[in-house]
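Colleague: Before I look at this chain in detail, could you take me through it by way of questions, beginning with the overall make-up and then going to particular residues?

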Amino acid sequence: MTINTLAEEGLRREQMACFRKMEKVIVAMQDPDMGMKMRNQRLLITVIPHAMTGQDIITWLIQKYHIYEEEALHLGEMLVRYGYIYPLKEPRCLVLRPDESPYRFQTPYFWTSTRWPASELDYAIYLAKKNIRKQGELMEYEKERYSLLHKRINHTWDFVVMQAREQLRASKQRRKADRIVLECQEQAYWLINRPPPGVQNMLDWGLERPDNLSARIPLNSDYYKSEIETSRRALGRNRVKSSVCLEGFVKYSEQYQNHDPIMQGCLPSNPWISDDIAYWTMNSEMAPVPTRLRVERWSFSFMELLTDAMGRREFMTYLEKEFSAENLHFWQACEEIKHGESSKIVEKVEDVYKNFLAPGAARWVNIDSKTMDKTLEGIKRPHRFVLDDAQMHIYFLMKKDSYPRYLKSDLYKNMLAKAVVPQETKKSVFPFMRRQRHSSPSPAQASAQAAEEDGRAGTNSAVGSQL
């Protein structure tokens, strides 16, 4: 919730978006069960009902929000300065004192978020009422504003005086405690909306934001042209139907279902619930013989092959037979630059240029002229991602050419045939479940069962002798 206030220039401004949060704190403080305990406070000889002390406010904030005393004092100070809590002892000073000074909650009618307009007519009635009640004993700045308003709205001044007298007449019919409370409420409101000279206006704090979009962005021909261009680009953007996305998700799930150790279990056994570490040994980075599931994953995507250390080694062996191993060496060198130490970036970039990009290099890679020119220009100011374009070019070259031929080669087929399929060492419906344990019988039950068995054996022997 933001607040609109009227600036001196007459422009409306949206400021201070924190009022709603403060109001939630005030509502929590007034909760009948978990809120503050209100009690009568004596102001001279007058008893003010439903009041609390400054120390009570700080104590409640500390217990409610588990904050330190300094933070609670700052939060309570904000609630007082913004008029949600007003003092009774010194109503002209909106300050929270951590002592026995009495305070009360401001009525929601005077909350700033209600956007009750603080018009000049209402302020003139307030000053006129105060002038009549105190017989001209206004503050100096109030006297100046009173005279200024008298000149500015002279045509309605009779109405101002009449309203002030009627409100004073109605207040005399109330109890003295109620009159003091109403006077303090109204004074706290006008101290917020018409602060004294030299006092920071709390409503002017925060970012100055225009009230609407038209004040921020001029609605001219350039604005509408940009909107049209943005809409045209949005219409031309490729979009994928939800059905296609769901089909891809189902296909991915079916493809990786057998490779999920949670869904299918770990073979040969689950190392998290057993002492067998065969699962870690078979799936180490450079295992003597890989598992069949591991080799099958290499055919899912080119990135699955590159992220596996054994897969990169086997793919390197194939590329050496094809006389194109420099492509994978270049890709690995770019990865080392991208994820390596910052202090060695310049040195590694120079090595990559000498070994792969320079004319007559020992492992020269085939890159198109446009990408080569952009890469050579970037090498003059080396950084981590200076070789991204060249690396991406080589990556797609291996993915479209070398990778499909590797999956069809005898090298991959022989590796797939030699791969082991670990056998499950523990038969159960759910491999991650423990074997059910049975409690041992008590000694009394064991002796009773032994006596029964002895009796049965004696009976059987007697029957056999008779026969």
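The exchange below concerns a predicted model, and it goes from the whole chain to single residues.

Colleague: How many helices and how many strands does the protein chain have, and what share of its residues counts as buried?

Modeller: In this predicted model, the secondary structure of the protein chain consists of 21 helices and 7 strands. A residue is taken as buried when its relative accessible area is under 20%. Applied to the 467 residues of the chain, the buried share is 34%.

Colleague: What percentage of the contacts with a separation of 6 or more comes from residues 24 or more positions apart, and what part of the exposed area do carbon and sulfur atoms supply?

Modeller: For contacts in the protein chain with a separation of 6 or more, the part that joins residues 24 or more positions apart is 61%. The chain exposes about 30,700 Å², and the part of that area supplied by carbon and sulfur atoms is 54%.

Colleague: Which helices do the buried residues of helix 4 pack against?

Modeller: Helix 4 covers residues 120-133, and its 14 residues reach 20 Å from the first C-alpha to the last, close to the 20 Å expected at 1.5 Å a residue. Its buried residues include Tyr123, Ile125, Leu127 and also Lys129 and Lys130. The elements against which the buried residues of helix 4 pack are helix 5 (140-152), helix 6 (157-171) and helix 7 (176-193).

Colleague: With which residue does the side chain of Arg152 make a polar contact?

Modeller: Arg152 is found in helix 5, and with a relative accessible area of 45% it is partly exposed, because that value falls between the 20% and 50% limits. Its partner is 32 residues away in sequence, with the two C-alpha atoms 9.3 Å apart in space. The side chains approach to 2.5 Å, and the partner is Glu120.

Colleague: How do strand 3 and strand 4 run, and which residue of strand 4 stands opposite Arg42?

Modeller: Strand 3 (residues 39-43) is joined to strand 4 by 4 bridges, and the two run antiparallel. The hairpin that they form has 2 residues between the strands, and Leu44 takes a positive phi near 60° there. Opposite Arg42, in strand 4, stands Val47.

Colleague: Is His50 buried or exposed, and what is its phi?

Modeller: His50 has its place in strand 4, which spans residues 46-53. Its relative accessible area is 55%, so His50 counts as exposed, the limit being over 50%. Its phi is positive, in a residue other than glycine, and lies near 55°.

Colleague: Where does Phe323 lie, and what is its phi?

Modeller: Phe323 lies in the loop between helix 15 (309-321) and helix 16 (325-339). At 73% relative accessibility, Phe323 counts as exposed. Phe323 is a residue other than glycine, and its phi is positive, near 60°.

Colleague: Which peptide bond is cis, with omega near 10°?

Modeller: The proline concerned, Pro268, is found in the loop between helix 11 (261-264) and helix 12 (278-282). The cis bond, with omega near 10°, is the one from Leu267 to Pro268.

Colleague: How many disulfides are there?

Modeller: A disulfide requires two cysteine sulfur atoms within 2.5 Å. Among the cysteines, Cys93 counts as partly exposed at 29% relative accessibility, whereas Cys184 counts as buried at 6%. Under that cut-off, the number of disulfides is 0.

Notes: Residues numbered from 1 in each chain as written. Predicted model: local features only at pLDDT ≥ 70, side-chain atom pairs only at ≥ 80, totals over all residues. Heavy atoms only, no water. Buried < 20%, exposed > 50% of the residue type's maximum accessible area, 1.4 Å probe, protein only. Contact = heavy atoms within 4.5 Å. Areas by Shrake-Rupley, 256 points an atom, 1.4 Å probe, with all protein chains shown as cover. Expected span 1.5 Å × (residues − 1). Polar contact = N/O pair within 3.5 Å; in protein donor to acceptor, adjacent residues only side chain to side chain. Pairing = 2+ DSSP bridges.
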